[in-house]
Amino acid sequence: MIQQVAESHTAFAAMVGISKDKLSKSLAGSRRFTSLELALIAEAGGVTVDWLLTGKTPARPSIAARTTQGAVLDMPSVNELIDRYL
């Protein structure tokens, strides 16, 4: 994923706001990423933290909606909300 987002590990580290040294140590397993670093890395890579940790894309959640008579369910807004929580 890093190669798809940045030209180098140095550029990627700068993009997410950590030092190249911290990135290298974390990727090598001698240092753990913080939760904030994982969130920033996921955001930069366009993936979820779940994907970073497991390699699996989480299933899209189902929704149940209650409406009053005559109410219109705005599906684009509902889908945007779901995507935000994924």
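At what angle do helix H2 and helix H4 pack? The answer is about 110°, with the two axes 9 Å apart. Keep in mind as you look around that this is a predicted model. The protein has 6 helices and 0 strands, so let's start with that overall picture and then zoom in on how the helices meet, which charged side chains pair up, and where a few single residues sit.

**The big picture**

- Follow the sequence from start to end and you get the pattern α-α-α-α-α-α.
- The protein has 86 residues, and buried ones make up 19% of them.
- Now take the contacts in the protein with a separation of 6 or more: 28% of these come from residues 24 or more positions apart.

**Where H2 meets H4**

- Helix H2 covers residues 9–16, while helix H4 covers residues 35–45.
- Angles from 65 to 115 degrees count as roughly perpendicular, and the angle here is about 110°, so H2 and H4 are roughly perpendicular to each other.
- As for handedness, H2 and H4 cross in a right-handed way.
- On the H2 side, the contact is made by Phe12, Met15 and Val16.
- On the H4 side, look for Leu40, Ile41 and Ala44.
- What classes do the residues of this contact between H2 and H4 fall into? There are 6 nonpolar residues, no polar ones and no charged ones.

**Where H2 meets H3**

- H2 has a contact with H3 too: their axes come within 8 Å and cross at roughly 105°.
- That angle makes H2 roughly perpendicular to H3.
- H2 brings His9, Thr10, Phe12 and Ala13 to this contact, and H3 brings Lys20, Leu23 and Leu27.
- Sorted by class, the contact of H2 with H3 has 4 nonpolar, 2 polar and 1 charged residues.
- Spot Phe12 in your viewer: this residue of H2 takes part in the contact with H4 and also in the contact with H3.

**Salt bridges**

- How many salt bridges does the count come to? The count is 2.
- One of them joins Asp21 and Lys25, with the closest N and O atoms 3.5 Å apart.
- Asp21 and Lys25 are 4 residues apart in helix H3 (residues 20–28), so about one helical turn separates them.
- Asp21 has a relative accessible area of 47%, which makes this residue partly exposed.
- Lys25 is partly exposed as well, at 40% relative accessibility.
- In another salt bridge, the side chains of Arg31 and Glu37 meet, with an N to O distance of 2.9 Å.
- Are Arg31 and Glu37 buried or exposed? Both Arg31 and Glu37 are buried.

**Val49, in helix H5**

- You'll find Val49 in helix H5.
- Val49 counts as partly exposed because its relative accessibility is 28%, and partly exposed is what we call values between 20% and 50%.
- Leave aside the neighbours within four places in sequence, and Val49 is in contact with Leu38, Ala39 and Ala42.
- Val49 and Ser35 are 14 residues apart in sequence, and their C-alpha atoms are 9.0 Å apart in space.

**Thr57, in a loop**

- Thr57 belongs to the loop between helix H5 (49–54) and helix H6 (75–85).
- With a relative accessible area of 66%, Thr57 is exposed.
- How many residues apart in sequence are Thr57 and Val47? They are 10 residues apart, and in space the C-alpha to C-alpha distance is 8.4 Å.

**Tyr85, in helix H6**

- Tyr85 is part of helix H6.
- Over 50% relative accessible area means exposed, so Tyr85, at 65%, counts as exposed.
- Along the chain, Tyr85 and Thr48 are 37 residues apart, and their C-alpha atoms are separated by 9.8 Å.

Notes
Residues numbered from 1 in each chain as written. Predicted model: local features only at pLDDT ≥ 70, side-chain atom pairs only at ≥ 80, totals over all residues. Heavy atoms only, no water. Axes fitted to C-alpha atoms, helices over the stretch in contact; angles between N-to-C directions. Helix = DSSP H or I, 4+ residues; strand = E, 2+ residues; numbered from the N terminus. Parallel < 35°, antiparallel > 145°, perpendicular 65-115°, else oblique. Left-handed = near helix turned anticlockwise from the far one by under 90°. Contact = heavy atoms within 4.5 Å. Nonpolar A, V, L, I, M, F, W, Y, C, P; charged D, E, K, R; others polar. Salt bridge = Lys/Arg side-chain N within 4 Å of Asp/Glu carboxyl O. Buried < 20%, exposed > 50% of the residue type's maximum accessible area, 1.4 Å probe, protein only.
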